[in-house]
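Reader: I'd like a close look at one part of this protein, told in plain words. Could you walk me through it slowly?

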Amino acid sequence: PKRSPTQKQDGRDKLEYIYNEYYDLMFRTVYSIVHDEEASADIVHEVILKLIHNIDTIRLDGTFPVKNYVFLTAKHTAMDYRRQKENAGVVDLDDPAMQAEAESEKAIPANVLTSREKYDHLVRCIRSLPDLYRDVCYLKYVGELKEREIAETLNIPEQTVGVRVF
């Protein structure tokens, strides 16, 4: 039986709750930025380490925006990873991982590739938006938060969220 977040007291319980509750959100967020399942799993592990480091500041009593904190930590960690990869600027085409990825792309049905391409295009479009709209749209379409949750997360009126999404 799952205990409610208000019953969590020590760091281990908090971390276990956050992991079970938000793992999918962290993975989806990271994957939407790096587009690599193995790297995404590693980055989520790094996010967990960051959460462990700050576990004492996280409150599960409803006064702390845990979902937002987890989402933004995952997003920024993935963006840092992507920046580091881009700065390295070298891609080894003989790397077995690169070959495996290329082969796995061939095995994916066309409709799945089309959906992934559409999703990737949506994420690129969101990234190109001005800051005012980017965070709201990212939380809405990638983070899959409701407008009320976005309003609470960004500390803006819910009506403003609706206007910015529109």
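Reader: Let's start with Asn68: which helix is it in? From there, take me through its surroundings and the salt bridges.

Author: Sure, and keep in mind that this is a predicted model. Asn68 sits in helix H3, which covers residues 66-88. Its relative accessibility is 9%, and because anything under 20% is called buried, Asn68 falls in the buried group. What does Asn68 touch, once its neighbours within four places in sequence are set aside? The answer is Leu139 and Thr153. Leu139 has a number that falls inside helix H6, residues 131-142, and Thr153 has one that falls inside helix H7, residues 147-154. Both of those helices come up again below.

Now the charged pairs. The structure holds six salt bridges, and I'll go through some of them, starting with Lys75 and Asp135. Their side chains meet at 3.2 Å, N to O. Lys75 belongs to helix H3 and Asp135 to helix H6, so this salt bridge ties together parts that are 60 residues apart in sequence. How do the two partners compare in exposure, buried or partly exposed? Lys75 has a relative accessibility of 7%, so it counts as buried. Asp135, with a relative accessible area of 33%, is partly exposed.

Stay on helix H3 for another pair. Asp80 and Arg83 form a salt bridge through their side chains, at 2.7 Å from N to O. This one is within a single helix: the two residues are three apart in helix H3, so about one helical turn separates them. Asp80 is partly exposed at 34% relative accessibility, and Arg83 is partly exposed too, at 42%. So helix H3 contains the buried Asn68 and the buried Lys75, and also this partly exposed pair.

Finally, over to helix H7, residues 147-154. Here Arg148 makes a salt bridge with Glu152, and the closest N and O atoms are 3.4 Å apart. The two are four residues apart in helix H7, about one turn of the helix. Arg148 has a relative accessible area of 41%, which makes it partly exposed. Glu152 comes in at 54%, and since exposed means over 50%, Glu152 counts as exposed.

To pull it together: Lys75 and Asp135 link helix H3 with helix H6, while Asp80 with Arg83 stays inside helix H3 and Arg148 with Glu152 stays inside helix H7.

Key. Residues are numbered from 1 along each chain as its sequence is written. This is a predicted model: local features need pLDDT of at least 70, side-chain atom pairs count only at pLDDT 80 or more; totals for chains, interfaces and linings use all residues. Side-chain values use heavy atoms; hydrogens and water are left out. Buried means under 20% relative accessible area, exposed over 50%, partly exposed in between (1.4 Å probe, protein chains only). Contact means heavy atoms within 4.5 Å. A salt bridge is a side-chain nitrogen of Lys or Arg within 4 Å of a carboxyl oxygen of Asp or Glu.
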